[in-house]
Amino acid sequence: MLYCEKAFRSSFHFIHNSRLTYHVRSQPSLFRRLTVSFLQWIDSDYTLESPEAIRAQPDGVNLVRCIPFIVLHLGCLGVLWVGWSWFAVWAAVALYFVRMFFVTGIFHRYFSHKTYSTSRLGQFILALCTGTTVQRGPLWWAYHHRHHHLHSDEPEDAHSPHVHGFLWSHIGWITSKRNFPTDYTKVKDLAKFPELVWLNRFDLVVPLLFAVSLFGLGTWLETATPSLGTSGAQLLVWGFFISTTALFHGTASINSFTHLWGRRRFQTTDDSRNSFILALVTLGEGWHNNHHRYQSATRNGFYWWEVDPTYYTLKVLSWTRFIWGLKPVPQSIYEEAARSAHNDTVQQARQSSVQEEINAFRKVVPTAAAIALATVNSPEVATQLQKKDGPAMHKDVSGQVAAPNPGNAAGPASTDI
Ligand SMILES: [Zn+2]
Ligand SMILES: [Zn+2]
């Protein structure tokens, strides 16, 4: 319904009637393919083939389709021309964290998992906010994330570092042709809202407006408050290009690093992990093993010491009634975590006692060997060993032997008589 209907019907017809004809249709000219890629920058649902056919293809980078993504990274080099100012740098940092909240609190915890509720207008405002993150549409994001949870670290998983390698899980998968379409059948709960579908389809509109707004703000500040030392171009480079590129890699670290680094509290069927450092970088998403164990909770940090700024912000927002119905972590999950912690403690205690014995053994053996060697090689012992006869053999015991009785020439032998 949302891709080129005519082309799809045509392809569908050929699929069922002539494999050769379909092959011809599925291999349009280079010019045609370039045109389609350019059109897809504007309308992400425009395609010559059905989304199912595209998703069935093997992975392969679509360079033309990725040009905006490449430009985003190259735009960071603009800093060589525009320089820096404290205002621009702090704007980039602030926009990173505000938009990271949009990624984690909205893309992830609302659109992907529906861990809280809001009104239809509220939902639309949330969707507009996610547009500034330049991570495509909310339905595309939610579809791919739900797919990840269904097939975590399995061959079907589009960005598993264990299946596809680190680089592909971090950045490669997003450039693959087969990962561009949105499967609307997997996000029916969202696809029933035309305003969300429109934002998903024309996913370049909000990012462009956002970039233009930053440029306009910088231009205005340049004349209104020259003491800030900023300009339109400078705010565009720092606030949009640098901040958005960092935001992409911060978000992508959840796909790559959190399935490689950190601790596993829950024995999930994937290799998700909890990481404090990644929780700081991603405002709470680093508690990925918790999240894989129970995805419906609004919080990813299950305990007070597992820092989760996204949850704190959502909690504050719930006090305003803009959102409501935040979902808690069930008691059964906490009990499972407690059992896991107990088992870990026992395991660590076992390992530590065994390790202690090994360490003690390692210390004792060389020490004993050293003492033995030192003893053998000491001058006193060497002297004693060199003596063939010990002192006792040569001890002059004559003084201790009773003098023979002068009157008894036979000596002691006569006493036996
Ligand atoms: Zn994951
Ligand atoms: Zn998730």
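Here is a chat about the helices and buried residues of a predicted model.

Trainee: Hi! What should I know before I look?

Mentor: This is a predicted model, where local features need pLDDT of at least 70, side-chain atom pairs count only at pLDDT 80 or more, and totals for chains, interfaces and linings use all residues. Residues are numbered from 1 along each chain as its sequence is written, while chains are lettered from A and ligands numbered from 1 in the order in which they are written.

Trainee: Cool. How many helices and strands are in the chain?

Mentor: The chain has 21 helices and two strands. Both are DSSP runs numbered from the N terminus: helices are H or I with at least four residues, strands are E with at least two.

Trainee: And what share of the residues is buried?

Mentor: Of the 417 residues, 32% are buried. Buried means 20 or more other C-beta atoms within 10 Å of the residue's own, exposed means 12 or fewer, and partly exposed is in between, with C-beta atoms placed from the backbone.

Trainee: Which residues of α9 are buried?

Mentor: Among them are W140, W141, H144, H145 and H148. The buried residues of α9 pack against α7 (86-112), α8 (120-131), α12 (188-191) and α13 (194-201).

Trainee: Switching to loops: where does R136 lie?

Mentor: R136 is in the loop between α8 and α9. Its phi is positive, near 65 degrees, and R136 is not a glycine.

Trainee: Is R136 buried or exposed?

Mentor: R136 is buried, because 21 other C-beta atoms lie within 10 Å.

Trainee: What about L283's phi?

Mentor: L283, also not a glycine, has a positive phi of about 55 degrees. L283 sits in the loop between α16 (276-281) and α17 (288-293).

Notes. Contact = placed C-beta atoms within 7 Å.
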